[in-house]
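Hi there,

Here is the structure I promised to pass on to you. Have a look at it first, and then read my notes on a few of its helices below.

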Amino acid sequence: MLTLSCDAVLFDLDGVLIDSNHFYEEHWRVWADRHGVSYDHILEVHHGRPATETIRIVAPHLDSQVESEAFRGELIRSDRLEHVRPFSGVLSLLQNLPMTRWAIATSAPRSSALKMLHYAEVPLPKVFISGEDVRIGKPAPYPYLHAAQGLNQRIDQCIVIEDAPAGIRSGKSAGAYVIAVQTTHESSLLQEADAVVNCIADIDIEHSGDHLMITSNLIL
């Protein structure tokens with residue numbers, strides 16, 4: 001059993017709060033076919049990373065900035081959201097958290113991420129860090145450092161909840177305690193996290209005095 005106290009919780013979005021895997025995979029498949037790039041390689045690395053970084057890894061011969069801007073535009077214009085939904089337990093979990101004690105830090109473009117939040121009826125936090133809000137995205141520490149700063153909290157008093165190795169490294173390098181959920185990756189790929197749980201529904205967060213109390217059953 002995991003029992004922790006913290007001052008704020010910093011959530012990744014895709015794979016943690018909302019299930020949007022089908023949406024992104026559909027767009028990456030089209031992009032891979034267009035450029036003759038291995039779709040399987042994209043699946044191995046795209047979770048948690050900005051599109052620029054993914055393209056730099058899987059297609060170093062292409063202009064990653066130009067291609068990522070085009071890919072971002074396709075995401076923003078897309079209305080294929082029928083498979084996007086909140087993970088079980090997310091809505092009740094967030095409803096019990098004070099707005100000053102949680103934030104979202106995502107690598108997704110702001111407009112498409114906001115569209116998904118609205119479609120999935122997930123509340124928008126006061127502090128929302130998107131891929132455009134940082135100079136260098138995950139696995140660099142800046143998304144989570146900006147999120148903690150926005151909440152006026154020390155990063156070492158925050159807990160990050162992630163689903164992907166790149167996001168885990170981002171939270172760890174920022175100085176946060178990181179809990180990984182096993183939604184997009186097997187637990188064997190999440191071992192850089194401080195703890196691994198099955199899914200967000202297994203995490204309970206209560207506001208107790210000046211702190212948040214987190215409890216969950218552990219996988220690792």
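Helices α4 and α6 are roughly parallel to each other (an angle under 35 degrees), because they pack at about 25 degrees. Their axes, which are lines fitted to C-alpha atoms over the stretch in contact, lie 8 Å apart. In α4, Leu75, Ile76 and Arg77 meet Ser111, Ser112 and Lys115 of α6 (contact means heavy atoms within 4.5 Å).

A word on the source: this is a predicted model, where local features need pLDDT of at least 70 and side-chain atom pairs count only at pLDDT 80 or more, while totals for chains, interfaces and linings use all residues. Residues are numbered from 1 along each chain as its sequence is written, and side-chain values use heavy atoms, leaving out hydrogens and water.

Helices here are DSSP runs (H or I, at least four residues), numbered from the N terminus. Helix α4 covers residues 64-77, and its 14 residues should span 20 Å at 1.5 Å a residue (times one less than the number of residues). Its end C-alpha atoms are 20 Å apart, which agrees.

Which residues of α4 are buried, meaning under 20% relative accessible area with a 1.4 Å probe, protein chains only? They are Ser64, Glu67, Ser68, Phe71, Gly73, Glu74 and Leu75. These buried residues pack against α1 (21-35), α3 (51-58) and α6 (110-120).

Now try α7 (residues 142-150) and α8 (residues 165-174): their axes come within 7 Å and cross at roughly 55 degrees. That makes α7 oblique to α8 (35 to 65 or 115 to 145 degrees). Here Pro143, Tyr144 and Leu145 of α7 meet Gly167, Ser170, Gly171 and Ala174 of α8.

Enjoy exploring!

Note on methods:
Axes fitted to C-alpha atoms, helices over the stretch in contact; angles between N-to-C directions. Helix = DSSP H or I, 4+ residues; strand = E, 2+ residues; numbered from the N terminus. Buried < 20%, exposed > 50% of the residue type's maximum accessible area, 1.4 Å probe, protein only.
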